[in-house]
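Trainee: I am new to this structure and would like a close look at a single part of it, the strand that opens the second chain, with enough of the surroundings to place it. Could you take me through it slowly, in one connected account?

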Amino acid sequence: MPLTRLGQFAIARVRRMGRYALFFLQSFFFMFTWPLQGTKIIQQVYFIGMKSVSVICLTAISIGMVLGLHGYYTLVKFGSEGVLGAAVALTLIRELGPVLTAIMLIGRAGSAMAAELGIMRISEQIDALDTMGIDPLRFLVSPKLAAMLISLPLLTAMADVVGIIGGYITGVLMLGINSGIYFSRVQSSVQMADITGGFMKSIVFAVVIITVCCFKGFYTHEGSEYGAKGVSISTTSAVVLASVLVLITNYIMTSLLL
Amino acid sequence: MKSPIIKFENVSKAFNGNKVLQGIDLDIYQGQITTIIGKSGGGKSVLLKHIIGLLEPDGGRIMIDGQCLTKLKGKARKSLRQRFSYMFQDSALFDSMTVYENIALPVQERGGLTPDEIRARVHTRMRELDLGAIDNEYPSQLSGGMKKRVALARALVTDPEVVLFDEPTTGLDPVRKNSVHSMIAEYQQKLGFTAVLISHEIPDVFYFSQRVAMLHDGRIIYAGTPNELQRVSDPVVREFIQGFENRGGDLADTIHDGSWESHFREEMTRMKRHQVPFALVALTVENLEEILSSSDPASQEVAQRFADRVRVQLRITDTCTLIGPSSVLLLLPFTSLAQAKMVCAKLGRALNGLEIMDIQSRKGPCLAISAGFAEVEGNGHPERTLAQALAQKEIFYQFSVC
């Protein structure tokens with residue numbers, strides 16, 4: 001019966017969404033339970049944040065320079081190349097900064113987390129934690145969530161600054177816009193609401209990335225494949241799903257924040 | 001009779017329609033070592049995982065200290081789990097942590113001990129399990145046997161009330177295997193924990209297990225003491241423990257075993273620990289080659305029956321290995337030379353029974369069996385001891401149909 005199958009599919013999806021929500025809520029709750037996991041959080045901040053600095057800088061400067069280049073040749077047609085600083089800064093702070101940082105972190109850290117948890121699952125390491133009375137969500141996922149909530153906004157802020165510097169390199173140093181005009185436009189156009197909006201986006205993206213990547217890795221054994229193949233599938237699907245959800249969430253948040 | 005600490009009541013479990021457990025009823029008593037035996041892939045690990053709640057039963061219930069495990073939630077379940085330890089079949093060590101971190105983790109997470117106390121406790125367990133200075137090694141740098149011992153140290157470091165061992169000695173050499181078995185037995189006596197052990201190490205596990213349960217086709221077909229197991233007439237149980245599960249080939253296919261030397265070394269380790277000798281008996285069918293070359297199927301039947309009859313008559317801890325085209329080697333633990341001769345005399349009387357007599361009406365060559373004895377003491381060498389046994393032949397049974 002097609003209707004029955006449709007109903008079963010819908011129930012399965014709703015149930016899965018519920019499990020995602022519980023997975024996140026439990027991990028979030030465990031962040032504040034005693035004993036606090038300071039050392040593990042610092043280790044994860046180093047892994048997620050510190051080790052991503054170079055790749056985020058490279059991406060941000062490249063995007064900033066491209067924005068500067070495109071923006072200049074578009075604006076110069078209208079004789080308003082002076083607003084390049086504003087265009088680059090607003091594009092980065094409102095949209096590209098949070099989204100690109102999130103996408104880069106999914107590739108660098110999200111995939112690693114999904115694979116790590118997947119391997120721990122298939123080699124019974126997660127079960128071993130369970131048998132010791134150690135909650136695997138508290139031990140494995142909570143520190144990652146806390147570290148991502150700390151790292152992503154900071155990396156986003158860094159990407160914004162580096163991107164603006166990238167725009168400065170092309171607009172001012174290469175194409176000859178006045179340096180003072182570039183930065184004064186940045187200062188006058190960017191409002192606190194823009195920064196807060198970008199910050200909120202990065203917080204939400206952090207939750208999406210950790211929940212999706214860790215959930216996929218954690219439940220690798222429930223997938224259609226087993227062993228190494230199962231881990232590879234859960235890692236790939238974690239990266240794809242997290243990226244798609246970041247893009248969708250970005251659109252929804254932009255429409256709400258405008 | 002004591003009330004059981006763990007009680008399975010009609011527990012069933014299926015995976016994708018494949019029924020693995022079909023109405024398990026099993027009692028596990030406090031302070032005892034209960035060994036679960038059964039064929040590989042028969043659901044023993046699944047049964048063990050139910051005890052600690054890693055798997056939930058589809059039907060029936062598991063009672064622990066009178067509480068239904070499936071109804072326990074939250075803190076009650078967590079505190080129950082902290083009374084248990086589980087040693088996984090594949091060790092399940094945390095591969096991104098060092099050996100020290102692996103062993104220390106359960107006590108660190110439980111809290112209540114200072115770092116110095118934790119260090120002392122971890123190092124005590126490591127020393128006891130012959131784990132030298134490998135604190136900073138990672139599991140991937142260790143051999144299979146070493147990993148097993150690290151996993152055992154991790155399971156025992158919290159002084160648990162119940163320890164579940166999933167094939168703790170698979171992949172270990174005979175000396176290490178004996179050492180792990182001794183560890184389990186000694187710690188069990190010292191700490192008094194309840195142990196549930198899955199093992200294929202028959203008959204070794206019968207030395208230290210108070211109870212044995214056999215899982216077959218998803219059901220417990222036997223549960224009792226190892227001594228009672230010896231008297232069980234169920235053919236499935238007997239076939240399993242005597243180690244010849246539905247052997248279809250003829251004797252010539254099975255004579256090149258060669259595993260007796262590892263049995264010998266195991267017994268040597270045991271003998272050194274308990275200071276009790278063991279005996280080797282070499283039974284030789286003097287004219288087996290003649291029987292095997294004969295085209296008369298009745299002759300082969302005689303050879304086959306001989307080996308089977310010998311095995312059936314042995315004690316549960318004895319091993320019987322075919323070591324050559326005409327020789328069967330019996331390894332009798334905790335047995336002196338005089339006792340070995342008594343065993344052989346009993347064997348001779350038993351062999352003089354109906355099944356061998358049955359061939360009287362058929363044509364075939366004479367069957368003559370000799371026995372050579374050797375008692376092993378001190379530093380026995382397998383080859384030399386075997387040569388000694390083979391040299392001291394005396395005919396203990398002769399049957400002629402000529």
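Mentor: Before we turn to that strand, one term is needed: two strands are said to pair if DSSP finds at least two bridges between them. Please also keep in mind throughout that this is a predicted model.

With that term in hand, take strand S1 of chain B, which covers residues 6-15 and pairs with strand S4 of chain B, residues 59-64, in the antiparallel sense over five bridges. One place at which to look for this pairing is Glu9(B), whose bridge partner in S4(B) is Arg61(B). S1(B) is also joined to strand S2 of chain B, residues 18-28, by eight bridges, and these two strands likewise run antiparallel. On that side, Lys7(B) stands opposite Asp27(B) of S2(B). S1(B) and S2(B) together form a hairpin in which two residues lie between the strands, and Asn16(B), in the turn, has a positive phi of about 50°.

That phi value deserves a pause, since most residues other than glycine have a negative phi. Asp65(B) is another residue with a positive value, its phi being near 55°. Its place is in the loop between S4 and strand S5 (67-68) of chain B, so that loop follows the strand that pairs with S1(B), and Asp65(B) has 14 other C-beta atoms within 10 Å, which makes it partly exposed. Elsewhere in chain B, Phe334(B) also has a positive phi, near 55°. Phe334(B) lies in the loop between strand S13 (327-332) and helix H14 (337-351) of chain B. Phe334(B) counts as partly exposed because it has 16 C-beta neighbours inside 10 Å, where a residue would need 20 or more to be buried and 12 or fewer to be exposed.

To place the strand in its chain, note that chain B is divided into domain 1 (6-242) and domain 2 (251-399). The contact between these domains takes 12 residues from domain 1 of chain B and 11 residues from domain 2 of chain B. On the domain 1 side, at least two residues each are supplied by helix H6 (174-191), helix H7 (204-208), helix H8 (226-230) and helix H9 (235-242) of chain B. H6(B) gives the largest share of that side, four residues. Sorted by class, the side of domain 1 of chain B that touches domain 2 of chain B has eight nonpolar, four polar and no charged residues.

Finally, it helps to set the two chains next to each other. The secondary structure of chain B comes to 16 helices and 15 strands, whereas that of chain A comes to nine helices and zero strands. Buried residues make up 40% of the 402 residues in chain B, while in chain A they make up 44% of the 258 residues. Among contacts with a separation of 6 or more, residues 24 or more positions apart account for 71% in chain B and for 87% in chain A. As for extent, the C-alpha trace of chain A spans about 65 × 50 × 30 Å along its principal axes.

Conventions. Residues numbered from 1 in each chain as written. Chains lettered and ligands numbered in written order. Predicted model: local features only at pLDDT ≥ 70, side-chain atom pairs only at ≥ 80, totals over all residues. Contact = placed C-beta atoms within 7 Å. Domains from an automatic or database assignment. Nonpolar A, V, L, I, M, F, W, Y, C, P; charged D, E, K, R; others polar.
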